[in-house]
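Welcome! Please have a look at the sequence and the structure below, and then we can walk through the sheets and the ligand site together.

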Amino acid sequence: MRIAIVGSGPSGCYSAQALRRAYPTAEICVFDALKTPYGLIRYGVAADHQGTKAIVRQFARQFEREDVRFFGGIEVGTHVSLDQLRAAFDIVVLAHGLHGDTPLETPGARDGSVYGAGQITRLLNGHPEESGPSPTLGASLAIIGHGNVAMDLGRLLLKRGEDFTGTDIDDEAHHALSCHLDTIHLIGRSAPTEAKFDIKMASEILDLPGVTHSYHGIGEDDGGPNSPRRELFSAAPRDVDRPRAHVHWWFRTSPVSVEREGTQIALALRTGEVQKSTVSVDSIISAIGFSADARQQLYPIDPAARESGRLERGLYVAGWARRGPRGTIPDQRADARSLAALISSELPHPAGMPGIEALADEVANASDYAAWLEIDRLERETAMPGRIRSKSRRG
Ligand SMILES: Cc1cc2nc3c(=O)[nH]c(=O)nc-3n(C[C@H](O)[C@H](O)[C@H](O)COP(=O)(O)OP(=O)(O)OC[C@H]3O[C@@H](n4cnc5c(N)ncnc54)[C@H](O)[C@@H]3O)c2cc1C
């Protein structure tokens, strides 16, 4: 059996793992547009959550010991077409994720004053496609969205350089983005009880030293007196020695309009049905989700495919590409296992495809797993004091 997997993020790696078990002698080739494997684990997961990033050790085993081959720097759709892959492999799994930031539709939000959460998390994670100078977010920032990505951003931008000991944060980007920051508005349309963030993620912001908080849009009966989410936001303001930053938590609140006023932005908000307010900020980050960019439109994915993971016989879809930008890394593991079970029930025998040999020209300049190990070694060796690696932007 010859198997191609497009994307080496969690869903691609878990798919390779599950398909290796289903087909112990198969040729398995994982293609990634970047020279470095692991997708959002490397370029999305926050630098101060190294425990989460450590999952890559498990994925490394399959490249090192289970004969799964890595072809980095090969963008499917550019260096090799999907048709070529399908003509060479019995099974193709699209696990290319979603790279684009879902744009904020608020009137005025498209005039360049709004950054996407994906762009900012890539900057903080040293992504090779964000190699230009980082923007400066100014003193006052609004983050639209109450998901875990918004929580990551709020926390990372409020932390200072010394808080990142033992991480691989991109210090230059972090400094440029956050050096003047003293106020963050975290704006979400749900009540605290329904907000998408995990309690642990909100707590990590509430526990930051030197940061004070105020809450808007919390109702008397939000979740009842014993609701942990309610308690989180109803505690009396903590005494903070020498406060350095303030977070406004806005619940039941949506942005209404974005207007430039000189160097400032007037962000009009509506809380609940009637309450209107305007906050003056220097910049806005939209953290309302992700969508496919041009590189991730290799095949139309309809609702039936989202349900089953099957696009056609021999062609499948996994991970965020399948379900949209929902689901954590462990979710990708469960999905990959069920997809491998479906594939092996449909395709018990190979159809005699030629495999990677047929694409020798297309992958002649691919960067292999050994090249990644070399990048990894250099990044660790050149780490600045207190950091575990200094990410190369050569990916
Ligand atoms: C900022 C952020 C922080 C997160 N933090 C956490 C966390 O702390 N814990 C957690 O459990 N989950 C977290 N998640 C969610 C988690 O990252 C996703 O569940 C997971 O990465 C989805 O995996 P995936 O493989 O589908 O996509 P990705 O991880 O995006 O991998 C897709 C891969 O495909 C490659 N690719 C794209 N297009 C092509 C192409 N045309 N040809 C070849 N290769 C291509 C990309 O380069 C990439 O390597 C976070 C997500 C984000 C955005």
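## The mixed sheet

Six strands make up an open sheet of mixed pairing, in the order S3-S2-S1-S4-S17-S16. At its edges are strand S3 (68–72) and strand S16 (310–312), each of which pairs on one side only. From one strand to the next, the twist averages 20°. Bear in mind as you read on that this is a predicted model.

For a closer view, take the pair S2 and S3, which runs in the parallel sense over 5 bridges. Within this part of the sheet, Cys29 stands opposite Arg69 in S3. As a general reminder, strands of a sheet pair through backbone hydrogen bonds, in either a parallel or an antiparallel way.

## The parallel sheet

Another open sheet has 6 strands in the order S6-S14-S7-S8-S10-S9, and here the pairing is parallel. Strand S6 (114–116) and strand S9 (211–216) stand at the edges with a single partner strand each, so one side of each has no neighbour in the sheet. Neighbouring strands of this sheet are turned by 20° against each other on average, with direction ignored.

At the S9 edge, the partner is strand S10 (residues 245–250), and the two pair in the parallel sense over 6 bridges. Val211 stands opposite Ala245 in S10.

## A hairpin

Strand S12 (residues 264–271) and strand S13 (residues 275–281) give you an antiparallel pair with 7 bridges. Leu267 has Val279 in S13 as its bridge partner. The hairpin of S12 and S13 has 3 residues between the strands, and Gly272 takes a positive phi near 65° there.

## Where the ligand sits

Now for the site itself: which domains give residues to the shell around the ligand? Domain 1 (2–99 + 292–381) and domain 2 (101–290) both do, so the ligand lies between them. In total, 34 residues surround the ligand, and the closest are Ser11, Asp32, Trp320, Gly327 and Ile329.

Several elements supply at least two residues each to this shell: helix H1 (10–22), strand S2 (27–32), helix H2 (39–43), helix H7 (148–158) and helix H13 (329–346). H13 gives the most, with 3 residues. Strand S2 thus appears in both stories, as a supplier of shell residues and as a member of the mixed sheet. If you like to think in residue classes, the shell has 15 nonpolar, 15 polar and 4 charged residues.

## Polar contacts and cover

Some backbone atoms come into play around the ligand. A polar backbone atom of Ala33 is 3.0 Å from a nitrogen atom of the ligand. For Val76, a polar backbone atom is 2.9 Å from a ligand nitrogen. An oxygen atom of the ligand, in turn, lies 2.9 Å from a backbone N or O atom of Leu40.

How much of the ligand's accessible area does the protein cover? On its own, the ligand has 1000 Å² of accessible area, and the protein covers 91% of this.

Notes:
Residues are numbered from 1 along each chain as its sequence is written. This is a predicted model: local features need pLDDT of at least 70, side-chain atom pairs count only at pLDDT 80 or more; totals for chains, interfaces and linings use all residues. Side-chain values use heavy atoms; hydrogens and water are left out. A residue is near a molecule or strand if one of its heavy atoms lies within 4 Å of it. A polar contact is a pair of N or O atoms within 3.5 Å; within protein, one must be able to donate a hydrogen and the other to accept it, and residues adjacent in sequence count only if both atoms are side-chain atoms. Accessible areas come from the Shrake-Rupley method with a 1.4 Å probe; for residues, only the protein chains shown count as cover. Helices (H or I, at least four residues) and strands (E, at least two) are DSSP runs, numbered from the N terminus. Ala, Val, Leu, Ile, Met, Phe, Trp, Tyr, Cys and Pro count as nonpolar, Asp, Glu, Lys and Arg as charged, and the others, Gly among them, as polar. Domain bounds come from an automatic or database domain assignment. Two strands pair if DSSP finds at least two bridges between them. Axes are lines fitted to C-alpha atoms, for helices over the stretch in contact, and angles run from 0 to 180 degrees between N-to-C directions.
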